[in-house]
Amino acid sequence: MILPVNSNTQHNQKFSARNNEENKKYTHDTLLPNNFSTRFRIGMDKFTNAITLYPAKGLKGNRNANFYEFLTMGQVPYLIGSGMLMGVFNFANKHFKSFAESKASKIGNKMALGVVFYGIAKDLSKSLITKPVELLTGVDTEVPYAKVNYELPDDLYDTDITSIEYHKVFESVEFPRWDLLYSPSDSGKPRNAYYDRVAKKLGLGSNLKDSDQEVKPRIKEIVVKSKVAQNISSYLWAATGVAVAFQQPWDEFFKSATFKFWKGKDFKKTLSLFGQSMERSLKAFYRGEGNGITKHAGKALLFSALAVSALGVGNVMSSSQKPSKLDSADIIEKERKYVVN
């Protein structure tokens with residue numbers, strides 16, 4: 001039987017082929033290295049899908065649309081809102097008189113810079129918790145993995161359709177992906193190599209018979225405490241970023257800066273001026289202005305953020321899951337009789 005070929009079928013065949021081409025490197029859930037290259041690739045993949053593929057699937061009522069895609073699209077209104085917050089203080093400046101326009105522009109530019117610094121500081125500050133914790137315990141609480149989903153076909157010609165989701169091993173505290181942390185049989189490493197290393201870092205000993213069972217409760221506690229520390233400290237660092245953005249040295253930067261990157265010489269000068277303005281702003285933030293509390297507000301905010309980050313790491317290292325130092329000889333009294341039921 002010969003079936004008619006319409007444009008929709010051709011489109012689905014092309015889409016299916018392209019989708020398989022992109023996802024063929026993942027045939028099963030795969031642990032990924034937690035480095036800048038991987039994080040950048042994951043971020044770009046999620047962003048492009050959030051503004052193109054996922055909205056289209058949702059609006060069409062595609063049966064393969066899921067909650068992961070819905071959550072991923074949440075970054076779009078966040079970015080739009082950030083852009084509107086920047087613009088609301090700058091778009092109306094041209095309607096002011098010259099003096100009022102110059103004053104409004106100063107505030108508007110700093111507000112825009114504050115939004116950028118807020119997001120950067122909030123995100124980067126999490127490393128102040130995760131990196132020391134990984135160094136001290138061997139547990140990377142942010143390690144990502146690629147999850148392979150097998151989707152339902154959209155039509156008769158769709159075959160082997162897969163989609164890739166990016167998650168973190170410890171995304172769920174109650175149900176971590178422990179299976180991804182075991183060494184594959186063809187790796188040449190002991191099956192419990194990861195858990196052996198963590199057990200040694202945590203002082204639980206070496207050559208444990210069941211190192212995975214020993215360290216899993218401790219890893220869960222590390223993940224929970226790390227997330228609490230990140231959530232608290234990140235907002236303090238975000239506030240610090242906003243405060244730095246409102247320092248006076250940025251006024252000079254915005255007078256001379258250009259964001260037209262195609263003007264190579266002028267744009268290069270802008271980058272150099274940005275570094276100089278950042279350095280002067282950090283100094284102004286730390287030294288403060290005025291008298292009394294106002295003068296020391298910057299120092300107080302900075303040291304509060306540092307203290308919370310340090311206390312967060314310290315709290316992670318203090319465990320309620322440490323093994324008891326007692327053995328059976330300390331518990332069983334030899335002179336007494338015991339009955340085993």
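Is Ser233 buried or exposed? Select Ser233 and show its surface: at 0% relative accessibility, Ser233 counts as buried. The tour returns to this residue after a look at the whole model.

**The whole chain**

The model is predicted. Color it by pLDDT before going further. The mean pLDDT of the protein is 83, and 82% of its residues reach 70 or more. Select residues 1-21, where the pLDDT is below 50; this stretch has 17 contacts in the model beyond near neighbours in sequence. Then select residues 324-331, where the pLDDT is also below 50. Beyond near neighbours in sequence, residues 324-331 have one contact in the model.

Switch to a cartoon view. The protein has 13 helices and three strands. Of its 341 residues, 33% count as buried. Take the contacts between residues at least 6 apart in sequence: 66% of them join residues at least 24 apart.

**Helix 9 and helix 7**

Select helix 9, residues 211-245. Ser233 is part of this helix. Leaving out residues up to four places away in sequence, Ser233 touches Ile129, Val308 and Ser309.

Now add helix 7, residues 127-137. The axes of helix 7 and helix 9 come within 9 Å and cross at roughly 150 degrees. That angle is over 145 degrees, which makes helix 7 roughly antiparallel to helix 9. To see the contact, show side chains for Leu128, Ile129, Thr130, Val133 and Thr137 on helix 7, and for Ile222, Ser226, Ala229, Gln230, Ser233 and Trp237 on helix 9. By class, this contact of helix 7 with helix 9 has six nonpolar, five polar and no charged residues.

Stay on helix 7 and select Leu136, which is found in this helix. Leu136 counts as partly exposed, at 41% relative accessibility. Not counting residues up to four places away in sequence, Leu136 touches Lys201, Val313 and Met317. Draw a distance from the C-alpha of Leu136 to that of Leu202: the two residues are 66 apart in sequence and 7.9 Å apart in space.

**Helix 9 and helix 8**

Next, select helix 8, residues 193-201, along with helix 9. At what angle do their axes cross? The crossing is at roughly 60 degrees, and the axes come within 9 Å. Helix 8 and helix 9 are therefore oblique to each other. Helix 8 passes helix 9 in a left-handed crossing. On the helix 8 side, the contact is made by Tyr194, Tyr195, Asp196, Val198 and Ala199. On the helix 9 side, pick out Ser211, Asp212, Val215, Lys216 and Ile219. The residues of this contact between helix 8 and helix 9 divide into six nonpolar, one polar and three charged.

Before leaving, select Asn207 in the loop between helix 8 and helix 9. Its phi is near 55 degrees, a positive value in a residue other than glycine. At 79% relative accessibility, Asn207 counts as exposed.

**Helix 9 and helix 11**

Hide helix 8 and bring up helix 11, residues 264-287. Helix 9 and helix 11 pack at an angle of about 110 degrees, with their axes 9 Å apart. These two helices are therefore roughly perpendicular to each other. Show Thr240, Ala243 and Val244 in helix 9, which meet Met278, Ser281, Leu282 and Phe285 in helix 11. The contact of helix 9 with helix 11 has five nonpolar, two polar and no charged residues.

**Phe303 on helix 12**

Where does Phe303 lie? Select helix 12, residues 293-317, and Phe303 will be found in it. Phe303 is partly exposed, with a relative accessible area of 45%. For a second distance, pick the C-alpha atoms of Phe303 and Leu236: they are separated by 9.9 Å, although the residues are 67 apart along the chain.

**Last stop: Asn64**

Move to the loop between helix 3 (53-60) and helix 4 (67-72), and select Asn64 there. Whereas the loop residue Asn207 counts as exposed, Asn64 counts as buried, at 10% relative accessibility. Which residues does Asn64 touch, not counting those up to four places away in sequence? They are Lys57, Glu69, Glu151, Leu152 and Asp154. Show these side chains together with Asn64 to finish the tour.

Methods: Residues are numbered from 1 along each chain as its sequence is written. This is a predicted model: local features need pLDDT of at least 70, side-chain atom pairs count only at pLDDT 80 or more; totals for chains, interfaces and linings use all residues. Side-chain values use heavy atoms; hydrogens and water are left out. Axes are lines fitted to C-alpha atoms, for helices over the stretch in contact, and angles run from 0 to 180 degrees between N-to-C directions. Helices (H or I, at least four residues) and strands (E, at least two) are DSSP runs, numbered from the N terminus. Angles under 35 degrees count as roughly parallel, over 145 as roughly antiparallel, 65 to 115 as roughly perpendicular and the rest as oblique. A crossing is left-handed if the near helix is turned anticlockwise from the far one by less than a right angle, and right-handed if clockwise. Contact means heavy atoms within 4.5 Å. Ala, Val, Leu, Ile, Met, Phe, Trp, Tyr, Cys and Pro count as nonpolar, Asp, Glu, Lys and Arg as charged, and the others, Gly among them, as polar. pLDDT is the predictor's confidence in each residue, from 0 to 100. Buried means under 20% relative accessible area, exposed over 50%, partly exposed in between (1.4 Å probe, protein chains only).
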